[in-house]
Amino acid sequence: MPNNDYTLCRVSAADGGAHLILTVECTEAGVTQREKLSVLTSRLPAMPKTGSITPETLSFYREEAAVAAAITAGMRILGAGGSSGRALRQKLRQRGASAAAAAAATEALADLGYLREEEGAVREAERGMAKLWGNRRILMDLRAKGYEKEAEAAAMARLSCEDEVARCATLITRRRMFPGSGDALSKTVAALMRYGYAMPEIKKALSRTAAKRFDHA
């Protein structure tokens, strides 16, 4: 069998010491190649020392490099907007991270305070309100994006501060969804329900808009 050999040739600091660049020389089946791995200093149990290393140690450094890359990608994702932990893991997988690296990166970002699910859920709820969605649709959207119960509760608290009936009335006015009767009324109600409004809110909103139209007539 060929004699494999792995040597950590150089350790250099980057990003003010936040990262370490490990230069490894790998000899396998008589072929020697060099590999550079960027790892997070804070995640290492000890400072790497140059010299011969075991295959297990090399595997560990490679895994840590994958996690470091996923953390960097995760910070860019979170910088663009809030996210749930599940959604962040999915986005990292889509960017080429392994399942293990995506999970470890998500956990690390949560521990560092970058992944704030409750704040993200509130922002998502506010986006839904801006689209004139009803509370039901907003909550369904949050669940589809993987937000946990605590984050959902924070969003519910934010929604409770708003007048859902007024939002529904605004939607009716902006979309000129003024109903007549019979089939026309049924279609309007169905459309409002697709926006996430329940019947009690729809009835009140229709009454408000009808009253305003009457006052301006």
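Contact here means heavy atoms within 4.5 Å. This is a predicted model, where local features need pLDDT of at least 70, side-chain atom pairs count only at pLDDT 80 or more, and totals for chains, interfaces and linings use all residues. Residues are numbered from 1 along each chain as its sequence is written, and side-chain values use heavy atoms, with hydrogens and water left out.

**Exercise 1. Work out which residues aspartate 141 touches, leaving aside its neighbours within four places in sequence.**

Step 1: find the residue. Aspartate 141 sits in helix α5, residues 135–144. Helices here are DSSP runs of H or I with at least four residues, strands are runs of E with at least two, and both are numbered from the N terminus.

Step 2: drop the neighbours within four places, and aspartate 141 is left touching Glu124 and Trp133.

Step 3: try a distance too. From aspartate 141 to lysine 131 you go 10 residues in sequence and 12 Å in space, C-alpha to C-alpha.

**Exercise 2. Describe the overall build of the chain, starting from its helices and strands.**

Step 1: count them up. You get 9 helices and 4 strands, and in sequence order they read β-β-β-β-α-α-α-α-α-α-α-α-α.

Step 2: ask how spread out that is. The radius of gyration is 27 Å, well over the 17 Å that the globule rule gives for 217 residues, so the chain is more spread out than a compact globule. (The radius is taken over C-alpha atoms, and the rule is 2.2 Å times the number of residues to the power 0.38.)

Step 3: lay the C-alpha trace along its principal axes, and the spans come to about 90 × 35 × 25 Å.

Step 4: look at burial and contacts. Of the 217 residues, 40% count as buried; that means under 20% relative accessible area, with exposed over 50% and partly exposed in between (1.4 Å probe, protein chains only). Among contacts with a separation of 6 or more, 57% come from residues 24 or more positions apart.

**Exercise 3. Place leucine 8 and list its contacts beyond four places in sequence.**

Step 1: leucine 8 belongs to strand β1.

Step 2: check its cover. At a relative accessible area of 1%, leucine 8 is buried.

Step 3: list the partners. Leucine 8 contacts Leu22, Thr23, Val24, Pro48, Lys49, Thr50, Gly51, Ile53 and Tyr61.

Step 4: go further along the chain. Glutamate 35 is 27 residues from leucine 8, and their C-alpha atoms are 9.6 Å apart.

**Exercise 4. Find the aromatic pair and say how it is arranged.**

Step 1: set the rule. Rings of Phe, Tyr and Trp (its six-membered ring) pair if their centres lie within 6.5 Å; planes under 30 degrees apart are stacked, over 60 edge-to-face, and the rest tilted. That gives a count of 1 aromatic pair.

Step 2: name it. Phenylalanine 60 and tyrosine 61 make a tilted pair, 5.8 Å centre to centre with 50° between the planes.

Step 3: compare their cover. Phenylalanine 60 is partly exposed at 29% relative accessible area, whereas tyrosine 61 is buried at 9%.

**Exercise 5. Locate aspartate 15 and alanine 29, and give the phi of each.**

Step 1: recall the background. Most residues other than glycine have a negative phi.

Step 2: take aspartate 15. Its phi is positive, near 55°, and it lies in the loop between β1 (5–14) and β2 (19–28). Aspartate 15 is exposed, with a relative accessible area of 58%.

Step 3: take alanine 29. Its phi is also positive, about 55°, and its home is the loop between β2 and β3 (31–40). Alanine 29 is exposed too, at 55% relative accessible area.

**Exercise 6. Is alanine 191 buried or exposed?**

Step 1: alanine 191 is part of helix α8, residues 183–194.

Step 2: read off the cover. With a relative accessible area of 13%, alanine 191 is buried.

Step 3: add a distance. Isoleucine 172 is 19 residues from alanine 191 along the chain, with 9.9 Å between their C-alpha atoms.
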